[in-house]
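Trainee: I would like a close look at one part of this predicted model, the disulfides. Please take them in order and then show me how they sit within the rest of the chain.

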Amino acid sequence: MDIRDARFKIMVVAVTVALAAGFLFYLRHRASGYEPYRGPLATPGTPAADPGKTRRIALNTEPSDYPRLQALGYDLVDVKADPALVAGVPAGMQALLWVGNFTCGDFELGWDAFQRAVQRFGRDPKVYGWYLSDEPNTGDCPKIAGEIRRRAGYIERNAPGQVSFISLTDWPMRPLAPKRVGVDLVGLDPYPCKGSDRTREHCDIGAIDRMVRMADDAGIPRAKVAPVLQTFGQSCSKGDRKYWMPTQSQFRRILARWDRLTPRPLLEISYSWGRQDEWACPSLADASGGAHPDLQSLMKARNAAR
């Protein structure tokens, strides 16, 4: 056999194998329903007006978690507007009161009950602020923006020094910009390690840029953006199974990208500390090494430095 023919056949086989592998990766990626972001990156941000005052919260916690959270440097906890729960917030921590809704659902408190809660807690030094809505979807429920505006206005008038907060995902943002609804802080929750519940080599770090660019286009000032960090996976979830827990190196990249886009924000959120059967399992409470990446040590160092 001519050696050139042999080399040609080897090359053809190699190309065929590579194409087949690429096609299988493409099929797996398409099957996950997720395509990585390939658009332009967001421009670097500038520090918030009051740098060095970043508040830190890990969502979905219980009173029994508070000592561990404090040891990791968290200084906020999320609780309902219940006197016993607020009273149970330990010294050195404050409460972000959950009174909101999810997407188009009902609010935790009706309007009358909400007013009573603000009257009760609006000057309570244990209260940092009010969580008014989680991922409101103004595309499907446009009236939600007006309700958020009504509640944010009531907080501004009756809870001096406390903040109003909403968390957004990649649904229409413009109707929910602070200048339109009056909220103080807006969480953004791109979760880059997406497409599988099994660890992959790369997370889609560009997903952070994509959502920050959406916020920029919607008129949301960077100084009012609160990064939502992915500290969960779904390998033991009973619902969706499309996110994996970031490895330590992947999580460092997530933190670095947020630091580039929103350096020293007023609020930073870890989602989630506690397990949620449908959405978050494992969670940050599990991420202490061994069976799961040790994200807790990374957050402890980060929180201590800020």
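Mentor: Start with Cys104, which has a relative accessible area of 37% and is therefore partly exposed. A residue counts as buried under 20% and as exposed over 50%, so a value in between is called partly exposed. The partner of Cys104 is Cys141, and the two are joined by a disulfide with an S to S distance of 2.1 Å. Cys141 has a relative accessible area of 14%, so this end of the bond is buried. One cysteine of the pair is thus partly exposed, while the other is buried.

A disulfide is a covalent bond between the sulfur atoms of two cysteines. The torsion about the S-S bond of Cys104 and Cys141 is about -85°, and the disulfide is therefore left-handed. This pair links distant parts of the chain, with the two positions 37 residues apart in the count along the sequence. Cys104 is in the loop between strand 3 (94-102) and helix 4 (111-121). Cys141 is in the loop between strand 4 (127-134) and helix 5 (144-158).

Each of those loops runs up to a helix, helix 4 in one case and helix 5 in the other, and these two helices also meet. The axes of helix 4 and helix 5 come within 10 Å and cross at roughly 25°. That angle makes helix 4 roughly parallel to helix 5, because angles under 35 degrees count as roughly parallel. The crossing of helix 4 and helix 5 is right-handed. On the side of helix 4, the contact is made by Trp111, Phe114, Gln115, Val118 and Gln119. On the side of helix 5, Glu147, Arg150, Arg151, Tyr154, Ile155 and Asn158 take part. Sorted by type, the residues of this contact are 5 nonpolar, 3 polar and 3 charged.

Now take the next pair. Cys193 and Cys203 are joined by a disulfide, with S to S 2.1 Å. The link of Cys193 and Cys203 has 90° about the S-S bond and is right-handed. Both cysteines lie in the loop between strand 6 (185-188) and helix 7 (206-218), so the bond ties together parts that are 10 residues apart in sequence. Cys193 and Cys203 are both buried.

The remaining pair to describe is Cys236 and Cys281, whose sulfur atoms are 1.9 Å apart. With -100° about the S-S bond, the link of Cys236 and Cys281 is left-handed. This bond links distant parts of the chain, 45 residues apart. Cys236 is in the loop between strand 7 (225-230) and helix 8, and Cys281 is in the loop between strand 8 (267-271) and strand 9 (288-289). Cys236 has 34% relative accessibility and so counts as partly exposed. Cys281 has a relative accessible area of 6% and is therefore buried.

A search of the whole structure finds 3 disulfides. Counting bonded cysteines along the chain, the pattern is 1-2, 3-4, 5-6.

The loop of Cys236 leads to helix 8, so follow that helix next. Helix 8 (residues 248-261) packs with helix 9 (residues 295-305) at an angle of about 30°, and their axes are 10 Å apart. Helix 8 and helix 9 are therefore roughly parallel to each other. Their crossing is right-handed. In this contact, Gln248, Phe251, Arg252, Leu255 and Asp259 in helix 8 meet Leu295, Ser297, Leu298, Met299 and Arg302 in helix 9. These residues divide into 5 nonpolar, 2 polar and 3 charged.

Strand 7 comes before the loop of Cys236, and Ala223 is in the loop between helix 7 and strand 7. Ala223 has 36% relative accessibility, so it counts as partly exposed. Leaving aside neighbours within four places in sequence, Ala223 is in contact with Leu185 and Leu266. The C-alpha atoms of Ala223 and Thr262 are separated by 7.4 Å, although these residues are 39 residues apart along the chain.

Last, the setting as a whole. The protein chain has 9 helices and 10 strands. Of its 306 residues, 48% count as buried. Among contacts between residues at least 6 apart in sequence, 71% join residues at least 24 apart.

Key:
Residues numbered from 1 in each chain as written. Predicted model: local features only at pLDDT ≥ 70, side-chain atom pairs only at ≥ 80, totals over all residues. Heavy atoms only, no water. Axes fitted to C-alpha atoms, helices over the stretch in contact; angles between N-to-C directions. Helix = DSSP H or I, 4+ residues; strand = E, 2+ residues; numbered from the N terminus. Parallel < 35°, antiparallel > 145°, perpendicular 65-115°, else oblique. Left-handed = near helix turned anticlockwise from the far one by under 90°. Contact = heavy atoms within 4.5 Å. Nonpolar A, V, L, I, M, F, W, Y, C, P; charged D, E, K, R; others polar. Disulfide = S-S within 2.5 Å. Buried < 20%, exposed > 50% of the residue type's maximum accessible area, 1.4 Å probe, protein only.
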